[in-house]
Amino acid sequence: MTHPTPDSASATARYVGSDNQSGISPEVWAAMAEANAGHAPAYGADAWTQAAADGVRRLFDTDCEVFFVFNGTAANSLALASLCQSYHSVICAASAHVETDECGAPEFFSNGSKLLTAPSEEGKLLPETIRALATSRTDIHFPKARVVTITQATETGRVYTPGEIAAIADTCRGSGLRLHMDGARFANACAGLGCHPGDITWRAGVDVLCFGGTKNGMAVGEAVIFFDRRLAEDFDYRCKQAGQLASKMRYLAAPWIGSLRDDAWLARAGHANACAARLARQIADVPGMRLLHPVDANAVFLDMSDSAAARLRALGWQFYAFIGGGVRLMFTWDTAFATVDALAADLRRAAA
Ligand SMILES: *Cc1c(COP(=O)(O)O)cnc(C)c1O
């Protein structure tokens with residue numbers, strides 16, 4: 001089965017700022033419509049929620065515990081909180097979403113567990129960095145390191161290989177640390193690596209994964225997946241207390257059924273990645289523009305002058321710029337190849 005993307009005349013054609021600017025994919029929309037048939041039990045006791053969780057277990061090929069929450073900030077914060085006591089700490093990259101873009105939610109929901117930020121290459125933590133941070137202080141005056149969180153794909157569009165994750169997990173096990181994965185773009189990572197989702201999670205030693213649905217074509221929804229089921233104890237209470245237990249849960253769950261069917265989630269992510277690769281190829285020789293990071297997933301980061309960025313905006317493109325001249329161009333399940341080609345042409349124009 002193919003998953004055709006809408007044509008380039010769609011109203012979203014000039015948005016390359018974020019995968020969150022995209023709409024809902026047809027298979028997700030259809031699954032929600034199917035779930036919208038009369039009455040069903042509330043708070044996750046319905047058949048849709050059961051089927052979606054079973055679908056996730058089948059996908060990962062393991063008997064994991066699955067919860068559906070509204071967004072990524074909640075998924076990450078509650079997952080981390082479930083792994084920590086308030087006097088613990090969480091090791092993350094300095095550029096990690098949990099540190100830079102969640103308004104202190106991980107600290108809030110864990111009642112004060114401290115994030116310990118580490119320098120990283122393009123958002124990827126290294127085992128030696130983790131080991132150094134975890135052992136830098138072991139006295140009573142410093143919060144005890146308990147968790148490592150890694151982002152797959154990273155905030156700069158890089159992907160950890162199965163071997164890199166296994167090496168991190170080894171370090172974690174050696175230091176008494178749990179391993180959490182922020183997978184807001186987990187689908188893009190799987191598509192980029194061409195590996196089984198289990199190979200970069202439980203088989204590599206990840207304890208908890210936050211699997212992003214929103215950026216992959218859902219209206220809302222992330223799955224929190226505990227590969228070690230014991231860690232999920234009372235997680236339903238934690239969700240409820242945090243306002244993350246959907247009363248009409250079937251509408252958070254049904255999208256996963258639509259997305260997992262025929263591996264649409266993977267095809268959608270693969271398309272977004274292909275758009276990024278296509279753009280990177282087309283602009284490789286544009287003078288004054290330089291790729292800031294290799295393209296592993298669905299983002300292209302370009303170094304360009306402020307005036308070139310301003311010209312690109314004047315041509316109607318919506319995107320994010322970062323301090324120091326870098327811009328991020330993000331592609332999604334519904335980006336048309338024609339949009340990518342038009343963007344490449346306008347980048348060339350903006351550079352001239
Ligand atoms: C988008 C994103 C999230 C989730 O953000 P919400 O706005 O809370 O849904 C989490 N982590 C990363 C790396 C992201 O890019």
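**View 1. Helices H8 and H11 crossing in the predicted model.** Here H8 (residues 186–193) packs against H11 (residues 264–282), with about 75° between them and their axes 8 Å apart. That angle makes H8 roughly perpendicular to H11.

**View 2. Who touches whom between H8 and H11.** On the H8 side, look for Ala 187, Asn 188, Cys 190, Ala 191 and Gly 192. They meet Trp 265, Leu 266, Ala 269, Gly 270, Ala 272 and Asn 273 of H11. Sorted by class, this contact has 7 nonpolar and 4 polar residues, and no charged ones.

**View 3. Helix H10, tucked inside its surroundings.** Of the 11 residues in H10 (residues 250–260), 10 are buried, so the helix is largely enclosed by the rest of the structure. The buried set runs Arg 250, Leu 252, Ala 253, Ala 254, Pro 255, Trp 256, Ile 257, Gly 258, Ser 259 and Leu 260. The cover over these residues includes helices H1 (26–35) and H2 (47–60). Strands S1 (65–69), S6 (208–212) and S7 (222–226) also help cover them, and so does H11, the partner of H8 in the first view.

**View 4. Asp 262, just after H10.** Follow the chain out of H10 and you come to Asp 262, which takes a positive phi of about 55°.

**View 5. The annotated stretch, residues 18–306.** UniProt, in an unreviewed entry, lists these residues as "domain: Aromatic amino acid beta-eliminating lyase/threonine aldolase". Over that range the chain is 40% helix and 16% strand. The end C-alpha atoms of the stretch sit 20 Å apart.

Methods
Residues numbered from 1 in each chain as written. Predicted model: local features only at pLDDT ≥ 70, side-chain atom pairs only at ≥ 80, totals over all residues. Heavy atoms only, no water. Axes fitted to C-alpha atoms, helices over the stretch in contact; angles between N-to-C directions. Helix = DSSP H or I, 4+ residues; strand = E, 2+ residues; numbered from the N terminus. Parallel < 35°, antiparallel > 145°, perpendicular 65-115°, else oblique. Contact = heavy atoms within 4.5 Å. Nonpolar A, V, L, I, M, F, W, Y, C, P; charged D, E, K, R; others polar. Buried < 20%, exposed > 50% of the residue type's maximum accessible area, 1.4 Å probe, protein only. UniProt positions renumbered as here; feature names shortened; annotations may be inferred.
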